[in-house]
Every structure is written in structure tokens, then in C-alpha cells.
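Work through the exercises below with the sequence and the coordinates side by side, and try each task before reading its solution.

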Amino acid sequence: MMTLQSKTLRQHRRSLDLNQDDVANTLGVTSAFISNIERGRSNVPVKRFKEVCDAYQISADALASAIKKDRDAVRKESDMEFDRIVEKARECAKALVKAG
């Protein structure tokens, strides 16, 4: 799933006219590693955060902000799913009481 983090990194790389191999070579990682981050399959490892920011020429604040927004969106989605499950459980409980 594309995340704001992955979209932000991809946009920055493209604006620099770099391909994934270029970034991978700069960081000393595989292009698959970069692809997974840019596709939202993996997150930027904490220990490589500064290096990734430097390679993509993005500020740490901008990338951290994107990561925070992704986290908040996941939490909101999770909360909504939990609310749906609780409502279904209530409906089932009411039906069982009614069937009695």
C-alpha cells in the first residue's frame, strides 16, 4: 500500500532525476530495498533514517511528518474497524436476547 512516506520519497527521488538504482548505490543497499520502501512494503529503518533523508535530499522533519501522518491514518482506520466490530457484536447480542 502506498503511504505518504513512500509517495514523498518517490516524488523527491524523481524531482532529483534519480532512479532507484542511484539511491540504492548511494546508500549501499539493493534496489529491491528502495523499491520496497517506495511501494510502502517497508518503512525506513530508524538506524538509516538520516542516510535516507540525505540520499533523497529531504529534511528529517518532512519525512518524519509523513511517517506521523501515515501512523495517524492507520490508527484512525484501526479505530473505525474496531467500532464496526463492536457494533456488529452489539447487534448479535440484541438478536440473541430477542430470540431468547
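**Exercise 1. Overall fold and extent**

Determine which pattern of secondary structure the chain follows along its sequence, and how its radius of gyration relates to the globule rule.

Solution. Reading along the sequence of this predicted model, one finds the pattern α-α-α-α-α, which amounts to 5 helices and 0 strands. The next step is to compare the radius of gyration, 20 Å, with the 13 Å that the globule rule gives for 100 residues; the value lies well over the rule, so the chain is more spread out than a compact globule. As a further step, one can take the box filled by the C-alpha atoms along the principal axes, which is roughly 70 × 25 × 25 Å.

**Exercise 2. Burial, surface and charge**

Find what share of the residues is buried, and how far apart the mean positions of the positive and negative charges are.

Solution. With buried taken as under 20% relative accessible area, buried residues make up 25% of the 100 residues. The accessible surface comes to about 7200 Å², and carbon and sulfur atoms account for 54% of that surface. Turning to charge, the chain carries 19 positive and 15 negative charges, whose mean positions are 4 Å apart.

**Exercise 3. The nonpolar core**

Identify which residues have the most contacts inside the largest nonpolar core, and which helix gives the most to this core.

Solution. The largest nonpolar core has 14 residues, and those with the most contacts inside it are Leu 9, Leu 27, Ile 34, Val 52, Tyr 56 and Leu 63. Assigning core residues to helices shows that H2 (20–27), H3 (31–38) and H4 (49–56) each supply at least two of them, while H4 gives the most, with 4 residues. Leu 63 can then be examined in detail: leaving aside residues up to four places away in sequence, Leu 63 touches Gln 5, Leu 9, Val 44, Phe 49, Val 52, Cys 53 and Ile 58.

**Exercise 4. Two backbone angles**

Locate Asp 17 and Gln 57, and decide whether each is buried or exposed.

Solution. As background, most residues other than glycine have a negative phi. Asp 17, in the loop between H1 (4–15) and H2, nevertheless has a positive phi near 60 degrees. Gln 57, in the loop between H4 and H5 (60–99), likewise has a positive phi, of about 50 degrees. For the last step the cut-off for exposed is over 50% relative accessible area: Asp 17 is exposed at 71%, and Gln 57 counts as exposed at 57%.

Key: Residues numbered from 1 in each chain as written. Predicted model: local features only at pLDDT ≥ 70, side-chain atom pairs only at ≥ 80, totals over all residues. Heavy atoms only, no water. Helix = DSSP H or I, 4+ residues; strand = E, 2+ residues; numbered from the N terminus. Rg over C-alpha atoms; globule rule 2.2 N^0.38 Å. Buried < 20%, exposed > 50% of the residue type's maximum accessible area, 1.4 Å probe, protein only. Areas by Shrake-Rupley, 256 points an atom, 1.4 Å probe, with all protein chains shown as cover. Lys, Arg positive; Asp, Glu negative; His and termini not counted. Charge placed at Lys NZ, Arg CZ, Asp CG, Glu CD. Core = buried A, V, L, I, M, F, W, Y, C linked by side-chain atoms within 4.5 Å. Contact = heavy atoms within 4.5 Å.
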